[in-house]
Amino acid sequence: YKEELDRNRASSIAMWNFTFGVAQKIHGDTTLVKRITAAKAGMLAAQLHNQKIRDRVILYAVHPTIRSVASLSSTQLIRKMTEASSLPPNMPRAHSVINVLAFLGVCVPAAIPIVYGTMAYIQWWIGEGSKARASIDKISEGGHDISLVKLVEYALSVQLPPPWVDIQKEE
């Protein structure tokens, strides 16, 4: 069973890496529509429910220098996320991941809570609090019990800046 989960996780990460590659090379949803089928969009959106996949998507979006998350172990993932908390994000890459998530939200309405929750977290992390609030507002009542959504809602309600902002101020 564990081997099957590991194979599925590896396949999921490979699919996200492909999607990231497409997103970085293009501008606008029309090309995404040509490259990502509805079935693939559904699989990508569903994979966000797996915390290890979702954390890799977030890390890829917010870490300024990481090129791939495919081969990271859980320990390396934590280390890289800690590292990202002290570095300003790669804004163009963060926005390309946000565009992919927005595309998934349109293609897979049933996945809106996890897709928009992930998008809101990335938007908060890059300092776009009003956009993060707008993403949270698109989530129906039932989706607000997702821990990531609760985290972003709290950060926005107390006007908590992303961790790298505080570190940049200290320097």
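Gln 123 is buried in this predicted model, because its relative accessible area is just 5%, against a cut-off of under 20%. The residue belongs to helix H7. Setting aside neighbours within four places in sequence, Gln 123 is in contact with Ile 98, Glu 128, Gly 129, Lys 131, Ala 132 and Ser 135.

Now for the aromatic residues of that helix. Helix H7 covers residues 112-125, and both Tyr 121 and Trp 125 lie in it, 4 residues apart, or about one turn of the helix. Tyr 121 counts as buried because its relative accessibility is 11%. Trp 125 is buried too, since its value is 3%. Trp 124 is likewise buried, along with Trp 125.

How do these rings sit against one another? A pair of aromatic rings is described by the distance of the centres and the angle of the planes. The model has 3 aromatic pairs in total. Two of them go like this:

| Pair | Centre distance | Plane angle | Arrangement |
|---|---|---|---|
| Tyr 121 and Trp 125 | 6.0 Å | 40° | tilted |
| Trp 124 and Trp 125 | 6.1 Å | 85° | edge-to-face |

The first row is called tilted because 40° falls between the limits of 30 degrees for stacked and 60 for edge-to-face. The second is edge-to-face because 85° is over 60. Trp 125 appears in both the tilted pair and the edge-to-face pair, and Tyr 121, Trp 124 and Trp 125 together form one aromatic cluster.

What does H7 pack against? One partner is helix H4, residues 51-62. Two packed helices are described by the angle between their axes and the distance between the axes. For H4 and H7, the angle is about 30° and the axes are 10 Å apart. That makes H4 roughly parallel to H7, because the angle is under 35 degrees. The crossing of the two is right-handed.

Which residues make up this meeting of helices? On the H4 side they are Arg 54, Ile 58, Ala 61 and Val 62, and on the H7 side Ile 114, Thr 118, Tyr 121, Ile 122 and Trp 125. So Tyr 121 and Trp 125, the tilted pair, also take part in the contact with H4.

One more ring is worth a look. Where does the charged end of Arg 93 sit? It lies over the ring of Tyr 60, 4.6 Å from the ring's centre.

Terms used: Residues are numbered from 1 along each chain as its sequence is written. This is a predicted model: local features need pLDDT of at least 70, side-chain atom pairs count only at pLDDT 80 or more; totals for chains, interfaces and linings use all residues. Side-chain values use heavy atoms; hydrogens and water are left out. Rings of Phe, Tyr and Trp (its six-membered ring) pair if their centres lie within 6.5 Å; planes under 30 degrees apart count as stacked, over 60 as edge-to-face and the rest as tilted. Buried means under 20% relative accessible area, exposed over 50%, partly exposed in between (1.4 Å probe, protein chains only). A charge sits over a ring if NZ of Lys or CZ of Arg is within 6 Å of the ring centre and within 35 degrees of the ring normal. Axes are lines fitted to C-alpha atoms, for helices over the stretch in contact, and angles run from 0 to 180 degrees between N-to-C directions. Angles under 35 degrees count as roughly parallel, over 145 as roughly antiparallel, 65 to 115 as roughly perpendicular and the rest as oblique. A crossing is left-handed if the near helix is turned anticlockwise from the far one by less than a right angle, and right-handed if clockwise. Contact means heavy atoms within 4.5 Å.
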